[in-house]
Amino acid sequence: MTTADQLAIVNRLLHAPEEAYTLAQAGLVVDWVKSKRLLVLARCGKDQALFILTSQAYPVTRQQDLAIDNAIPIDGGFKFDLDSGHNSGPDAVYITVTSHRQKFLFEMLPGYHTQNFVSEMYRLTENISKQVDSVSSFPWLEKYKSETDSALAGQDMGENVDGLADVVPRMDIATGAAQPIVGRDLSVNSSTYCTLHCIAVIILSSILVS
C-alpha cells in the first residue's frame, strides 16, 4: 500500500475541496503509554490543518478502519517542534504539537515519511508566523470537532497536559493498540542527539533552500 493509496483512502473521509496531502504514522504518548495514530496534513483553499486519526490497521487499507480523533487548525496559535526533553532512543523521535489549549506528544520512527512530515510541519508553522493579518476561523473544520475538543476547551494548558490521558481511548488499551513504553534509558545518549540533530539539520536546510 503506497502513500498515494493511503492518502486516497483518507480523502474519502474529507469533503471537497478539502485534500489530504501528507501523512505519517506516529504514537500518541500519554503518561508513557503509546497509542498508534495516523497524522495527516490537509488543506482547504489557503487553510492548512493537522488531522489525528485512529486506524484499525497500519498501513491504512480501508476507509472503514479510519476515525478522525482531532482536526487542528494550523493558525497563529499552532506550535510544532522536536522535543529533545523526552528521552528518545536511537530508533525514535519525539515531536510536540500545541494548539491554543491543547498539547500533544508523539513518538515517530526516523525515516523518509517522518522527515517529510516534519519538514512540512516546520514549513507551515514558519509561513504562519509571517502571516500577521491572518483571520481565518477555519469553519470547514467544525464538522470534525470531537467531544474531546469540547472537554479540553474549558481547561487551561497545565490541566490539559495532565489530562491528555482522556485523549487516549480506553478501547486502545483494551485491544492492545496502546502499549506502555518500556525499556527506555533514563539518560539521553549520543545516539539520541545524533538522530535529532540530523533530522533538524535536514529540515532547516530544506527551509533555507526554499
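**Close-up views of a predicted model**

Of the chain's 210 residues, 45% count as buried, where buried means under 20% relative accessible area, exposed means over 50%, and partly exposed lies in between (1.4 Å probe, protein chains only). Keep in mind that this is a predicted model, where local features need pLDDT of at least 70, side-chain atom pairs count only at pLDDT 80 or more, and totals for chains, interfaces and linings use all residues. Residues are numbered from 1 along each chain as its sequence is written, and side-chain values use heavy atoms, with hydrogens and water left out.

**View 1. The whole chain has six helices and eight strands.** Helices (H or I, at least four residues) and strands (E, at least two) are DSSP runs, numbered from the N terminus. Follow the sequence along and you get the pattern α-β-β-β-β-β-β-β-α-α-α-α-β-α. Take the contacts (heavy atoms within 4.5 Å) with a separation of 6 or more: residues 24 or more positions apart account for 58% of them.

**View 2. Here is strand S1, residues 19-30, with its partners.** Ten of the twelve residues of S1 are buried, so this strand is largely enclosed by the rest of the structure. Two strands pair if DSSP finds at least two bridges between them. S1 pairs with strand S2 (residues 33-44) in the antiparallel sense, over eleven bridges, and Gln25 sits opposite Leu38 in S2. Look between the two strands of this hairpin: there are two residues there, and Asp31 takes a positive phi near 50°. S1 also runs antiparallel to strand S7 (residues 102-108), joined by two bridges, with Phe106 in S7 as the bridge partner of Leu28.

**View 3. Strand S5 (residues 78-82) has side chains that alternate.** Phe78, Phe80 and Leu82 point to one face and are buried. Lys79 and Asp81 point to the other face and are not buried. Next to this, S5 pairs with strand S6 (residues 93-99) over five bridges, in the antiparallel sense. Asp81 stands opposite Thr96 in S6.

**View 4. The largest nonpolar core has 26 residues.** A nonpolar core is a set of buried Ala, Val, Leu, Ile, Met, Phe, Trp, Tyr and Cys residues joined through side-chain atoms within 4.5 Å. Leu39, Leu50, Ile95, Phe106 and Phe117 have the most contacts inside this core. At least two residues each come from S1, S2, strand S3 (47-55), S5, S6, S7 and helix H2 (112-130). H2 gives the most, with six residues. Apart from this core lies another, of 21 residues, including Val10, Leu14, Leu38 and Phe138.

**View 5. Zoom in on Ile95 and what it touches.** Leaving out residues up to four places away in sequence, Ile95 touches several residues, among them Leu39, Phe80, Leu82, Phe104, Phe106, Met108, Phe117 and Val118.

**View 6. Glu107 is found in strand S7.** Glu107 counts as buried because its relative accessibility is 5%. A polar contact is a pair of N or O atoms within 3.5 Å; within protein, one must be able to donate a hydrogen and the other to accept it, and residues adjacent in sequence count only if both atoms are side-chain atoms. The side chain of Glu107 makes one of 2.8 Å with the side chain of Lys34 and one of 3.1 Å with that of Tyr94.
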